[in-house]
Amino acid sequence: MAKKTMKPGTMLNPLPAVMVSCGEGEDANIITIGWTGIINSEPPITYVSVRKSRHSHKLIAESGEYVINLTTEKLVKETDFCGVKSGRDLNKWTEMNLTKEPAEKVKCPMIGESPVNLECKVIEVKEYPTHDMFIGEIVNVHADESLFDEKGRLCLDQAGLISYSHGEYFGLKREPLGKFGYSIMKPKTRKRYEKELAQKRRNQYRKKKRDR
Ligand SMILES: Cc1cc2nc3c(=O)[nH]c(=O)nc-3n(C[C@H](O)[C@H](O)[C@H](O)COP(=O)(O)O)c2cc1C
């Protein structure tokens with residue numbers, strides 16, 4: 001493949017686009033973050049990289065807490081708005097009609113409209129020239145009840161999650177293209193998985209028809 005060399009840059013794509021709530025009570029704010037990820041599984045540890053000049057930077061630094069709220073196709077406008085307006089100038093909750101829902105282990109509120117919320121406590125801050133990385137332990141997770149199937153499994157593919165790539169928001173393809181380890185599945189397991197996939201597609205088709 002012939003390639004063009006570009007100058008070094010933050011060209012990692014796609015990224016998640018999440019809404020991070022921070023601060024307390026009337027001062028609580030929301031910031032859209034693309035620079036987030038998981039860095040450890042047990043205990044679960046994540047981070048958000050926040051530019052030093054952001055209003056939210058001060059709120060997270062002072063409280064040592066934040067909530068990562070996953071975003072969906074229904075929340076794209078809200079996600080963008082919280083990423084272009086500052087909580088210094090307006091109240092993003094009221095402007096975007098978002099509901100403050102109390103969290104259990106941190107004081108900052110969660111976004112009620114988001115299907116999955118990760119409560120985080122800052123355990124370390126790594127300072128870089130433009131951004132500070134707030135490394136946080138995920139101390140609690142909430143997921144919309146309607147996303148669980150009859151066997152109690154979380155069906156996150158039904159949540160309508162979005163991603164962010166090179167300046168644009170994308171809905172995730174709802175039909176999975178494969179799953180963890182599928183490239184090395186034994187033929188019998190692969191057959192079972194393919195049957196599962198077909199069932200998922202049928203459910204998706206029925207849901208789309210119902211929603212129309
Ligand atoms: C999709 C998207 C992703 C963003 N990712 C980040 C990020 O990772 N870190 C950051 O500091 N700002 C990021 N921003 C910019 C902030 O969300 C934006 O400056 C926001 O207005 C800051 O709000 P605040 O001043 O209320 O804290 C992003 C914006 C968008 C739209």
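**Exercise 1. Find the residue that stands opposite proline 16 in β11.**

Start at proline 16 and look across to β11: there you meet serine 163. Before going on, note that this is a predicted model, where local features need pLDDT of at least 70, side-chain atom pairs count only at pLDDT 80 or more, and totals for chains, interfaces and linings use all residues. Residues are numbered from 1 along each chain as its sequence is written.

Next, step back to the strands themselves (DSSP E runs of at least two residues, numbered from the N terminus). β1 and β11, residues 162-165, run antiparallel and are joined by two bridges. That makes them a pair, since pairing takes at least two DSSP bridges between two strands.

Now widen the view: the order β1-β11-β12 makes an open sheet of three strands with antiparallel pairing. β1 (15-16) and β12 (168-171) each have a single partner strand, so one side of each has no neighbour in the sheet.

**Exercise 2. Work out whether glutamine 158 is buried, exposed or partly exposed.**

First, locate glutamine 158: it sits in the loop between β10 (131-143) and β11. Then get the rule: 20 or more other C-beta atoms within 10 Å of a residue's own make it buried, 12 or fewer make it exposed, and anything in between is partly exposed, with C-beta atoms placed from the backbone. Glutamine 158 has 18 C-beta neighbours inside 10 Å, so it counts as partly exposed.

One extra step: lysine 207 is 49 residues from glutamine 158 in sequence, yet the two are 9.8 Å apart in space, C-alpha to C-alpha.

**Exercise 3. Describe the largest nonpolar core and place tyrosine 66 in it.**

A nonpolar core is a set of buried Ala, Val, Leu, Ile, Met, Phe, Trp, Tyr and Cys residues joined through C-beta atoms within 7 Å. The largest one here has 35 residues, and Val20, Ile30, Tyr66 and Val67 have the most contacts inside it. Among the elements that each supply at least two of its residues are β2 (18-22), β6 (65-70) and β9 (116-127).

Now zoom in on tyrosine 66. Contact means C-beta atoms, placed from the backbone, within 7 Å. Leaving aside neighbours within four places in sequence, the contacts of tyrosine 66 include Val20, Val48, Ile60 and Phe134.

**Exercise 4. Say which element gives the most to the shell around the ligand.**

Begin with the whole shell: 22 residues surround the ligand, with Trp35, Ser56, Gly83, Ser86 and Gly87 the closest. A residue is near a molecule if its C-beta atom, placed from the backbone, lies within 6 Å of it. β3 gives the most, with four residues.

Technical notes:
Two residues are in contact if their C-beta atoms, placed from the backbone, lie within 7 Å.
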